[in-house]
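Trainee: Could you walk me through a few packing details in this one?
Mentor: Sure, let's have it up on the screen.

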Amino acid sequence: MTPRIRGNDYTVLRPPALGSSWAPRLRVSVVIPAYGDQAKLDLTLAGLARQTYPSGLLEVIVVDNGSEPPLRLPEIRPRDTRLLVCAAPGRARARNTGLAAATGDVVHWMDSDVVPEPEEVEAHMRWHHLAPYLSVTSYLRFTTAPLPDPAEVAGTGDLAKLFEPAEPHAWIEDLVQRSQGLTRSPRPFSIHIGGASSVSARLFERAGPMDPDMILGQDTEMGYRLAQAGAVFIPDPQARAYHLGPSMRMRDSERISRVSHALVTDRVPGYRWLRTHPSRQWKIPQVEVLVDATAGSYDDVRATVDGVLAGTVTDLAVVLTGPWDELAPEQRAPLKDPRLDLVLLRAHYTHEGRVRLATAAAETQSPYRLRIPPGWVPGEDGVGRLLEVLRGRDRGLVSVLLAEDAEGVTAARLERTEAFSRAAIIAEEAGEGEDLDDIVDELFGTYWVDGEAHGFRPAGEAPAYLNPRTAYRKRVEAQAEVERLTKEVERLRGQVTRWRDEATRWRKSAVEFRREIGTLRRQVSGLRGQLSALRHDRGLRGIARGLTRPFTFKKT
């Protein structure tokens, strides 16, 4: 039974220990694009010649990308090694040439300046025997040591003696550490590198070959598409190899990022921080909205599509499905045309850049797909709120309850593409017709929300759209009001500051007054003491005068 990995938590798998007596059965094709530098290629093939993985299950395809002089196969190499030529320049084209010729169950990318440890291929393949939707990446170390002879590489049991000291692949190891081995990473596909990654051939069938228009960043773009095809990404610290010399990013990081970001932004919606423009369109939109044009009237379908296009989420595209190639508009009596509504929809949306007319729903590279029945209109921020629910809860499906009656439930659905792709692989392996929603619930989780609470309304009850210029004016007015209130707040803050200063002065004056009062009280107390003493002295003198005065007797 195919393992069911939740999210990217591959820790449920238990690969056999390296060197143990497990029985490999899968064939692996190592694809090596190469341009010049025969000496490094010789070392790469020498490293592959001493792999512990069975040689009968290993093929190596070297693709010469137009080298002058042409590359050759050295004496020390794996038994099943072929040399192909791809004259069209570009690493992606060279890899695609090798991919097309590969016969393995697993395709292992390897650069022509990477020397693998003897157990490197075995380390990868022990994972691929556990599930058919994995991508495994080696840990690279970057060495500037002098190049040894191929015989030394093929003969040593410890490559460290030849290539250390070396530097680790710092950004990858940091990413792995921060995300608990990628099990908690929102973008585990970032680890897919062409230097030393392996992928199930089934995933390439779903994701397609590398994009030849990507002059840089092709590994990341390929990793993203593999993720949408259902891949689980595994960094294996026991799969080790040495990179001969620093990487391009190590040599010139800023310029590499400048070029790769310009290309990746258009194709990888997962890097949302690169899509800073508020309304422009991209090759791969964040959300693909699917509407069945045959499931409602012209008015219902238009209300739904226009509502989607008028929302706060602009990084989306609408796929309107219907028998468009079968339409032949009636010219003499158009009002009697039984397919008039479809004719009107085609005319209405043919030239809308965010709407694509398709005969059926196909696989999508967008990370999210929203299915809405015609006649239901999401609120202005309805799609955005659904995205927050799906991202915040890390679910594979959010269902939106729109209506319920005796005939059943009407619902919209926001699907995570990678969740349904992986569920499809598992369902194919099971071969029992298991419901995809149930598998998605097991792998990622599902969630129900109330449509009305998330802004969904029937077409007849949907509010009018806010004209962009009206919205602009309201925004300008709101900004002016904010500025006015800000100034008023600053004025009041200044007044409060002045009041506080005055209060501080008053407190200081009160303290001084209390001190003066205390002094006066002490002075008064002293005066009272003196007065009391003075009165006492006067009393005593009076008594003394009385005692010294002669007595006289008065006759009666």
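What follows is a short round of questions about helices and their packing.

Mentor: Before we start, this is a predicted model, where local features need pLDDT of at least 70, side-chain atom pairs count only at pLDDT 80 or more, and totals for chains, interfaces and linings use all residues. Residues are numbered from 1 along each chain as its sequence is written, and side-chain values use heavy atoms, with hydrogens and water left out.

Trainee: How are helix 14 and helix 15 oriented to each other?
Mentor: Helices here are DSSP runs of H or I with at least four residues, strands are E runs of at least two, and both are numbered from the N terminus. Helix 14 spans residues 417-430 and helix 15 residues 436-443, with axes 9 Å apart and an angle of about 115 degrees; the axes are lines fitted to C-alpha atoms over the stretch in contact, and angles run from 0 to 180 degrees between N-to-C directions. Under 35 degrees counts as roughly parallel, over 145 as roughly antiparallel, 65 to 115 as roughly perpendicular and the rest as oblique. So the two, helix 14 and helix 15, are roughly perpendicular.

Trainee: Which residues of helix 15 meet helix 14?
Mentor: Contact means heavy atoms within 4.5 Å. From helix 14 come Ala 419, Phe 420, Arg 422, Ala 423, Ala 424, Ile 426 and Ala 427, and they meet Leu 436, Asp 437, Ile 439, Val 440 and Leu 443.

Trainee: Is Asp 437 buried, partly exposed or exposed?
Mentor: Asp 437 lies in helix 15, and leaving aside neighbours within four places in sequence, it touches Leu 397, Arg 413, Phe 420 and Thr 446. Buried means under 20% relative accessible area, exposed over 50%, and partly exposed in between, with a 1.4 Å probe and protein chains only. At 25% relative accessibility, Asp 437 therefore counts as partly exposed.

Trainee: Why do the buried residues of helix 6 sit on the same side?
Mentor: In helix 6 (residues 170-178), the buried ones are Ile 172, Leu 175 and Val 176. The arc is taken from the directions from the helix axis to the C-beta atoms. They share a side of helix 6 because they cover an arc of only 100 degrees.

Trainee: Which strands do those buried residues of helix 6 pack against?
Mentor: On the other side of helix 6, Gln 177 and Arg 178 are exposed. The buried residues of helix 6 pack against strand 6 (134-143) and strand 9 (232-244).
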